[in-house]
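User: Hi, could you walk me through this structure? I'm new to this, so plain sentences would help.

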Amino acid sequence: TNIEPTLDWLAFTFDLRTPEALGRMVHSMPPLLGLSIPNNLEPTLDFYANCFGGNQTTAIELVTNNPVVLGFSLEKRLRPRLAQVVDQNPSVVVLVGSEHIRDCIGGSDDDDQSTIGVVNLSYRQVVKLAT
């Protein structure tokens, strides 16, 4: 497989300006190179951003500090754990009529839009969710 697109995506997305910085990320999570950008990497990064209320910068910080979280399965690990957190602590959902919560938990397009909200978890809550 050609890993250049993945290396380019990682370097651009995480602002890894030197080969050493890119090497550190890949060294800490080598399977990143085998993940699909549109099917794995981008959706997982978007998931974390949605958990931070849409804050992409905080999601990038999370992954930069702990690249292994980018390799977790959305369907088998992250969305079920988020659904559990939301069920146990509904205050993390701020109702704003957006689609962020459905994006995170994986609800269908038929969900009632009036109950859709933004998940607003703390950095610590998202790290706990992921690990």
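**Rings, core and chain**

Analyst: Let me begin with a charged side chain and a ring: in this predicted model, R77 lies over the face of F72, at 3.9 Å from the ring centre.

User: How many aromatic pairs does the structure hold?

Analyst: The structure holds 2 aromatic pairs. One is formed by W9 and F14, which meet edge-to-face with 5.8 Å from centre to centre and 80° between the planes. F47 and Y48 form an edge-to-face pair too, with 5.5 Å centre to centre and 75° between the planes.

User: Are F47 and Y48 buried or exposed?

Analyst: F47 counts as buried because its relative accessible area is 2%, under the 20% cut-off. Y48 is buried as well, with a relative accessible area of 0%.

User: Okay, and what does F14 touch?

Analyst: Leaving out residues up to four places away in sequence, F14 touches W9, M25, L45, I60, V63, T64 and L70. Both W9 and F14 are buried.

User: Which residues have the most contacts inside the largest nonpolar core?

Analyst: That core has 28 residues, and those with the most contacts inside it are W9, L10, F14, Y48, V63 and L70. The elements giving two or more residues to this core are α1, α2, α3, α4 and α5, and the largest share, 7 residues, comes from α3.

User: Switching topic, how many helices and strands does the chain have?

Analyst: The chain has 7 helices and 2 strands, and from the N terminus on its elements run α-α-α-α-α-β-α-β-α. Of the 131 residues in the chain, 37% are buried.

Methods
Residues numbered from 1 in each chain as written. Predicted model: local features only at pLDDT ≥ 70, side-chain atom pairs only at ≥ 80, totals over all residues. Heavy atoms only, no water. Core = buried A, V, L, I, M, F, W, Y, C linked by side-chain atoms within 4.5 Å. Buried < 20%, exposed > 50% of the residue type's maximum accessible area, 1.4 Å probe, protein only. Helix = DSSP H or I, 4+ residues; strand = E, 2+ residues; numbered from the N terminus. Contact = heavy atoms within 4.5 Å. Phe/Tyr/Trp six-rings, centres within 6.5 Å; stacked < 30°, edge-to-face > 60°. Lys NZ or Arg CZ within 6 Å of the ring centre and 35° of its normal.
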